[in-house]
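Welcome, and thanks for taking a look at this one. Please have the sequence and the 3D view open side by side as you read the briefing below.

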Amino acid sequence: MRVVREWTAHAREFVRRHRDPVTVQAVRSAVAATVAYVIALRLSPEEAPLTAPLTALLVVQVTLYSTLTTGVRRVNSVVAGVLVAILFSLLVGLTWWSLCLLILASLVVGHLVRVDEFVPEVAISAMLVLGVTTHGEYAWARVVETLIGAVVGLGFNLLLAPPVWVEEAGESIEGLARRMRQLMLSIGEQATGPTPPHQAADRLHEARRLDHDIVEVDAALRQAEDSLRLNPRVREGLLHRVVLRTGLDTLEICTVVLRVLARTLTDLAKEREPERLFEPETGATFDELLSEIADAVVSFAVLVTTSVSTSAESAEDRLASQLRQAAATRDKLAQLLLDEVQRDPNQWELHGAVLTEVNRILDEMDTEHRTRRLFEELDRHTREQRERLPRLTRLRERVPARLRREPGGAAHRVK
């Protein structure tokens, strides 16, 4: 029985690694470079036509969208570098001063041909080619090898679609939500007893560090968005992109509000030192409310990263229930804060700010608010597509709806 469990665990690990986008991309790049090398061996006079696999390796991008959008610029950068190297090999050869001139000329040419972020690759390609080129005949062979690598790289991505990075982006979003949850729980616990200003300031610093997490999650999401564009393995790619992007936007707003809340509580701790932030009942209610909001934040992240319709419906029901409970606790907290202000109006502004910031987080995660934002973003993307590609839009409108409709709707899981 133990052996069976071990083999099952190994099988699951193999499947997980096999579907891991990093592993898939590494295998695709290696195979594309090898195929380009084999083809170049037959077509190039060089004994070791390494420029072809080098170009294929550079052209095979992480996503199909980036391949089609940056592939041309990348190929231009490599070809420009090869041409510059050919000229230098015919005129001066390789010396220390010609290498310096080669780099300068390559960078200037890169800007002239407008390869944007691939300007350094012009110089890199030129140096690689100049180092192994001594005759014009073999120099032109480098151009042939470059074209072979470019064609293989582009064709490889068209025939074998790159991996989709949605799962990794979803994990990043859920990880951000869980870090927000831990911070909310810590802030709520502090409100139940005496809170020295330095402890409140520590929570404020933690809230500010969430900005760095947002940047990392945004990078993962942008990679996922690119992997969904023009990918034949993906259905309803636009909807998935909009759901993930609006979900991250909501969490980003919540982190900003959470940081403001931590700032308010820090100011309140300084004002009330050495007393409690709130009365015991008010502090316990505030702790309860932040705990409920923290759970709702995680449920919201699960909702926006769930692709199967049945799971999404259950996640939405759970989120709606948690938000209703949090709203009831918020109303109770509002009454308790009002009672405190009536007894001692000195901190009425800070108490009002606490309530305002809590309300803002609840409003941002409201299901109706989220649905409205989704429709607005979908309408905006559709309008921009019509303005950018009017002919394609007219063609799609002529296709019968039954041919454009995907089975299962937008709830299919992206794999």
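The accessible surface of the protein chain comes to about 22400 Å², and carbon and sulfur atoms hold 57% of that area. Do keep in mind as you browse that this is a predicted model. The protein chain has 16 helices and 0 strands, and 44% of its 415 residues are buried.

**Overall contacts**

- Among contacts in the protein chain with a separation of 6 or more, 80% join residues that lie 24 or more positions apart.

**The nonpolar cores**

- The largest nonpolar core has 59 residues, and the members that touch the most others are Phe286, Ile293 and Met365.
- At least two residues of this core come from each of α8 (166-190), α9 (197-228), α10 (237-272), α11 (280-304), α12 (309-343) and α13 (348-365).
- The biggest share comes from α10, which gives 13 residues to this core.
- If you click on isoleucine 293, you will find it touching Met184, Ala326, Val358, Ile361, Leu362 and Met365, once residues up to four places away in sequence are set aside.
- There is also a second, separate core of 11 residues, with Val82, Phe88, Ala126 and Val143 among them.

**Serine 44 in its loop**

- Serine 44 sits in the loop that runs between α2 (21-43) and α3 (51-59).
- Is serine 44 buried or exposed? Its relative accessible area is 8%, so serine 44 is buried, the cut-off being under 20%.
- The side chains of serine 44 and glutamate 145 make a polar contact at 2.8 Å.
- Beyond its neighbours within four places in sequence, serine 44 is in contact with Pro49, Ala141 and Glu145.

**Helix α5, end to end and side to side**

- Helix α5 covers residues 96-112, and its 17 residues should span 24 Å at 1.5 Å a residue; the end C-alpha atoms are 25 Å apart, so the two values agree.
- Which residues of α5 are buried? They are Ser98, Leu102, Ser106 and Gly110.
- These buried residues lie on the same side of α5, because they cover an arc of only 105° around the axis.
- Turn to the other side of α5 and you will meet Trp96, His111 and Leu112, which are exposed.
- Just after α5 comes arginine 114, with a positive phi of about 60°.

Definitions and conventions:
Residues are numbered from 1 along each chain as its sequence is written. This is a predicted model: local features need pLDDT of at least 70, side-chain atom pairs count only at pLDDT 80 or more; totals for chains, interfaces and linings use all residues. Side-chain values use heavy atoms; hydrogens and water are left out. Helices (H or I, at least four residues) and strands (E, at least two) are DSSP runs, numbered from the N terminus. Buried means under 20% relative accessible area, exposed over 50%, partly exposed in between (1.4 Å probe, protein chains only). Contact means heavy atoms within 4.5 Å. Accessible areas come from the Shrake-Rupley method with a 1.4 Å probe; for residues, only the protein chains shown count as cover. A polar contact is a pair of N or O atoms within 3.5 Å; within protein, one must be able to donate a hydrogen and the other to accept it, and residues adjacent in sequence count only if both atoms are side-chain atoms. A nonpolar core is a set of buried Ala, Val, Leu, Ile, Met, Phe, Trp, Tyr and Cys residues joined through side-chain atoms within 4.5 Å. The expected span of a helix is 1.5 Å times one less than its number of residues. The arc is that of the directions from the helix axis to the C-beta atoms.
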